Amino acid sequence: MVLNYIWIAFFLLAAVCSVVQCFTGNTGVFADIISSTFDNSKTAFEISLGLTGVLSLWMGVMKIGERGGAVDALSRTLSPLFTRLFPDIPKGHPATGHIFMNIAANMLGLDNAATPLGLKAMESMQELNVKQNEAEGKRHGWSADKIAKRNSTASNPMIMFLVLNTSGLTIIPVSIMVYRAQLGASQPTDIFVPILLATFVATLAGIVIVSIYQKINLLQPVLLGTLGGLCLLVATIIWGFSKLDKDTMDAVSTIAANVILFGIMLSFIIAGATKKINVYEAFIEGAKEGFSTAVRVIPYLVAMLVAIGVFRASGGMDILISGINWCVEACGGNTDFVAALPTAIMKPLSGSGARGMMVDTMTTYGADSFAGRLSCIFQGSTDTTFYILAVYFGSVGIRHTRHAVTCGLLADLAGVIAAIAIAYMFFG
């Protein structure tokens with residue numbers, strides 16, 4: 001329901017902005033809007049098409065892990081933590097392993113692997129959601145329509161998982177550092193620590209916000225110990241990478257990510273072979289599921305990217321930024337950060353759009369300018385909330401998102417505020 005209102009709002013706001021543009025002499029705005037609908041429809045299909053091969057690969061690998069018992073072993077290991085953070089998922093359920101694999105891939109910046117692993121996690125949680133709804137419906141005598149509605153409603157674990165994804169915890173932002181190097185930054189890695197701090201704040205905020213909505217007690221010893229351990233891990237990584245030069249940092253991060261990724265694939269295959277399952281057939285079965293999932297995602301992705309594109313083409317984003325700049329100036333505040341805001345505002349809507357905004361900001365103001373550095377921190381501090389919601393929920397037919405959008409955007413806001421404060425601390 002929330003996505004429905006947001007989707008309508010994009011078009012209504014675009015209509016208002018277009019009228020304003022016409023009165024200011026830009027009569028070609030409607031042509032730009034229509035052009036954007038075709039362009040973004042094509043982009044959505046191309047993204048889905050590009051996902052097909054990767055989804056087939058990783059869902060095939062995950063199927064081997066399931067059949068070989070590797071996912072179950074991972075689930076049992078993580079049960080003490082996940083039964084508290086995801087209390088509605090039964091202890092040792094395979095969804096736990098899928099969730100961890102996705103989070104680990106995101107932390108390493110392995111986007112191509114993270115998406116199919118995330119879709120597999122959503123599929124596992126939806127299977128659990130349906131089973132629980134049908135059991136509850138049988139106990140209470142619900143009608144088939146009510147059960148169907150509950151099945152298309154996001155469960156608590158799905159929302160927690162989505163917010164963990166939208167908060168975008170990434171330990172190694174290699175691509176951002178590469179862009180900075182290409183655009184002439186004197187020290188491309190100088191945003192590494194600020195990004196790590198900002199994305200960590202966003203993730204912690206997301207966990208806290210969802211826990212408040214879902215009445216999860218975060219003061220349990222296991223959760224406190226885990227969050228404390230994560231803080232220590234982040235501090236250790238910051239200290240370790242701060243001792244490296246750019247070339248060494250890039251080499252270490254790239255090698256570590258690739259070795260871990262290949263190690264996962266190899267361990268799953270070995271586990272399957274040890275259990276004497278037909279590894280090849282298991283891979284093919286999972287790959288077929290990956291292809292089907294990629295096809296199911298297309299309409300949801302088209303809908304969201306077209307709405308975002310219409311809003312951008314109408315000039316709505318430019319009007320929003322100008323309004324923020326005026327408000328900050330009227331309050332007597334420092335407006336240095338406003339030039340980087342297009343990246344922050346675009347990030348929940350479109351990853352490629354935010355990347356374009358980041359590059360444009362560095363090109364316009366300089367890679368080593370305050371705005372240029374802040375745009376990079378914005379790019380790395382959170383993830384594409386609406387894209388993730390559209391793809392992940394769309395893949396399992398979820399239409400009623402409950403508090404997922406609210407929690408995701410609040411986590412994004414926490415990341416943006418943290419990014420601004422940290423940028424002033426490091427570069428102001």
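**Salt bridges and cysteines in a predicted model**

In this predicted model, the count of salt bridges comes to 7. Two parts of that picture can be followed in some detail: a pair formed by Glu285 and Arg67, and a network that includes Asp368.

The side chains of Glu285 and Arg67 meet in a salt bridge, with a distance of 2.3 Å from N to O. Glu285 belongs to helix α12, which covers residues 279-313, while Arg67 belongs to helix α2, residues 29-68; the pair therefore ties together parts that lie 218 residues apart in sequence. As for their surroundings, Glu285 is partly exposed, with a relative accessible area of 32%. Arg67 is likewise partly exposed, and its relative accessible area is 41%.

Attention may now turn to Asp368. This residue forms a salt bridge with Arg180, in which the closest N and O atoms are 3.2 Å apart. Here too, distant parts of the chain are linked: Asp368 sits in the loop between α15 (351-365) and α16 (370-381), whereas Arg180 lies in helix α8 (residues 174-182), and the two are 188 residues apart. Asp368 also forms a salt bridge with Arg373, the closest N and O atoms of that pair being 3.8 Å apart. Both contacts fall under the salt-bridge rule because that rule asks for a side-chain nitrogen of Lys or Arg within 4 Å of a carboxyl oxygen of Asp or Glu.

Which residues are linked with Asp368 in a network of salt bridges? They are Arg180, Asp190 and Arg373. The accessibility of three members of this network can be described. Asp368 is partly exposed, with a relative accessible area of 28%. Arg180, by contrast, is buried, at a relative accessible area of 0%. Arg373 is buried as well, with a value of 15%; these residues count as buried because the term applies under 20% relative accessible area.

The cysteines form the last topic. A disulfide is a covalent bond between the sulfur atoms of two cysteines. How many disulfides does the model contain? The count comes to 0. Cys17 serves as an example: the closest cysteine sulfur to its own is that of Cys22, and because the two are 11 Å apart, they are too far from each other for a bond. A disulfide would require a pair of cysteine sulfur atoms within 2.5 Å. Cys17 counts as buried, at 11% relative accessibility. Another cysteine, Cys376, is also buried, with a relative accessible area of 0%.

Technical notes: Residues are numbered from 1 along each chain as its sequence is written. This is a predicted model: local features need pLDDT of at least 70, side-chain atom pairs count only at pLDDT 80 or more; totals for chains, interfaces and linings use all residues. Side-chain values use heavy atoms; hydrogens and water are left out. Helices (H or I, at least four residues) and strands (E, at least two) are DSSP runs, numbered from the N terminus. Buried means under 20% relative accessible area, exposed over 50%, partly exposed in between (1.4 Å probe, protein chains only).
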